[in-house]
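Me: Please give me a close look at a single part of this one, and work outward from there. Informal is fine, but keep the cut-offs explicit.

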Amino acid sequence: MIKSLSKLSKSSHIQVVTLLFSSFFFLFTSCTLQQKVAKQYTIYNDSVAILILPPQILQKSNIAIQRLYPQYAQLSPMLQDTIWANQTKLLDVVSDSIVVRNYYNNLTETIKKSGMKIYNYNQIDDFNKTSYKKWVIRIGQFQLEEDKQKVDFSKEINGQEELYKDLEITVLSVNSWIEVYKNLSDTIPVKVLYGQKTTSDNIDGRFFSTGNGDQYEFCYVRKDIKAEDVTKLANEAGLQNAQQLTNFFFNKYIRIQYPDSETYFGYDLNDKSFYYPESNTQLIEIK
């Protein structure tokens, strides 16, 4: 009986060692393949040129006004201005040109880290002369959107009663519709991609016992977004879209090199390696 158990233990030990070796070999080859693909893509990017054209205007949208005043567009200009001034907190505190410029500059400068040759709207002639593989990116629609939402707080007492409190916050988003063309002369994009970057007021609150029986008090600390947060959001939207566009082009390359691959990868702009991005961080393909 002892011999039998000994043999079983030795056999199991061999199986475990084999399994560990196989796992290590898989991880090693996977990492090696990742390094190889990332290196190949870095070389490939040296022959790619992208012209990035900025948005023509900054659109502004107030979702709260649309909910409260469904017929807002049919109201007189004077009444529209009054409602807009009363219901809008952040859409007009920073000039349109600053929002657009900060977004565009961060987008173009960050995507240069990919190794692709990036041209801005002042370099169209140079872009046309290059012999590289070309893509044109046009920010077809660029929007600053404001909304008001409720944040709920609750606490259950003795499994019977529930305390409830809600507070209103302002939510601000930068929305971008990105058109991808193969040629500057094309009028119909091959892809339309959508991205959003959001920030909001922050509230940290909870119910506290007053020490007087079942009496509770709601206390909170609030930090509202301000004018400087609008500029910061535009900067972050540019950075985010740069990474997302890099991932978009990286996956086009992956599909060409490895047609059977169904995984969506991210290409890290800083260390030139790839990773697995969260699905909610990808650009949404509209077309």
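Reply: Helices here are DSSP runs of H or I with at least four residues, strands are runs of E with at least two, and both are numbered from the N terminus. Let's start from Gln-149, which is found in strand 4.

Some ground rules before we zoom in. This is a predicted model, where local features need pLDDT of at least 70 and side-chain atom pairs count only at pLDDT 80 or more, while totals for chains, interfaces and linings use all residues. Residues are numbered from 1 along each chain as its sequence is written, and side-chain values use heavy atoms, leaving out hydrogens and water.

Back to Gln-149. With a relative accessible area of 38%, Gln-149 is partly exposed, a class that sits between buried (under 20% relative accessible area) and exposed (over 50%), using a 1.4 Å probe and protein chains only. Its bridge partner in strand 5 is Ile-169. Counting contacts as heavy atoms within 4.5 Å, and skipping neighbours within four places in sequence, Gln-149 touches Leu-167, Glu-168, Ile-169 and Val-171. There's also a long-range relation: Ala-64 is 85 residues away in sequence, yet the C-alpha atoms of Gln-149 and Ala-64 are 8.7 Å apart.

Next door, Lys-148 is in strand 4 too. Beyond four places in sequence, Lys-148 is in contact with Ala-64, Arg-67, Gln-87, Glu-168 and Ile-169. The C-alpha atoms of Lys-148 and Asn-62 are separated by 8.9 Å, with their positions 86 residues apart along the chain.

Now step back to the strands themselves. Strand 4 covers residues 133–157, and pairs with strand 5 in the antiparallel sense over 21 bridges; two strands count as paired if DSSP finds at least two bridges between them. The hairpin they make has 3 residues between the strands, and Asn-158 there takes a positive phi near 55°.

Strand 5 runs over residues 161–181 and is mostly covered, with 15 of its 21 residues buried. Strand 5 also pairs with strand 6 (residues 191–200), antiparallel again, over 10 bridges. In that pairing, Leu-172 stands opposite Thr-199 of strand 6.

From here you can walk over to the helices through Asn-241. Asn-241 belongs to helix 6 and counts as buried at 2% relative accessibility. Leaving aside neighbours within four places in sequence, the contacts of Asn-241 are Tyr-103, Leu-107, Ser-176, Ile-178, Gly-195 and Leu-283.

Tyr-103 and Leu-107 take us to helix 4, since both are among the helix 4 residues that meet helix 6. Also on the helix 4 side are Ile-98, Val-99, Asn-102, Asn-106, Leu-107, Thr-110 and Ile-111, while the helix 6 side includes Val-230, Ala-234, Gly-238, Asn-241 and Leu-245. The residues of this contact split into 11 nonpolar, 8 polar and no charged. For those classes, Ala, Val, Leu, Ile, Met, Phe, Trp, Tyr, Cys and Pro are nonpolar, Asp, Glu, Lys and Arg are charged, and the others, Gly among them, are polar.

As for geometry, the axes of helix 4 (residues 96–111) and helix 6 (residues 227–257) come within 7 Å and cross at roughly 30°. Axes are lines fitted to C-alpha atoms, over the stretch in contact for helices, with angles from 0 to 180 degrees between N-to-C directions.

Further along the chain there's another hairpin to look at. Strand 7 (residues 202–209) and strand 8 (residues 216–223) pair in the antiparallel sense over 8 bridges. Asn-202 has Lys-223 of strand 8 as its bridge partner. The hairpin leaves 6 residues between the strands, and Gly-211 in its turn has a positive phi of about 85°.

Finally, the whole chain. There are 6 helices and 11 strands, and 37% of the 287 residues are buried. Of the contacts between residues at least 6 apart in sequence, 68% join residues at least 24 apart.

On confidence, pLDDT is the predictor's confidence in each residue, from 0 to 100. The chain's mean pLDDT is 87, and 88% of its residues reach 70 or more. Residues 1–14 are below 50 and have 0 contacts beyond near neighbours in sequence. Residues 16–29 also stay under 50, with 0 contacts beyond four places in sequence. Where pLDDT is low, the predicted coordinates should not be read in detail.
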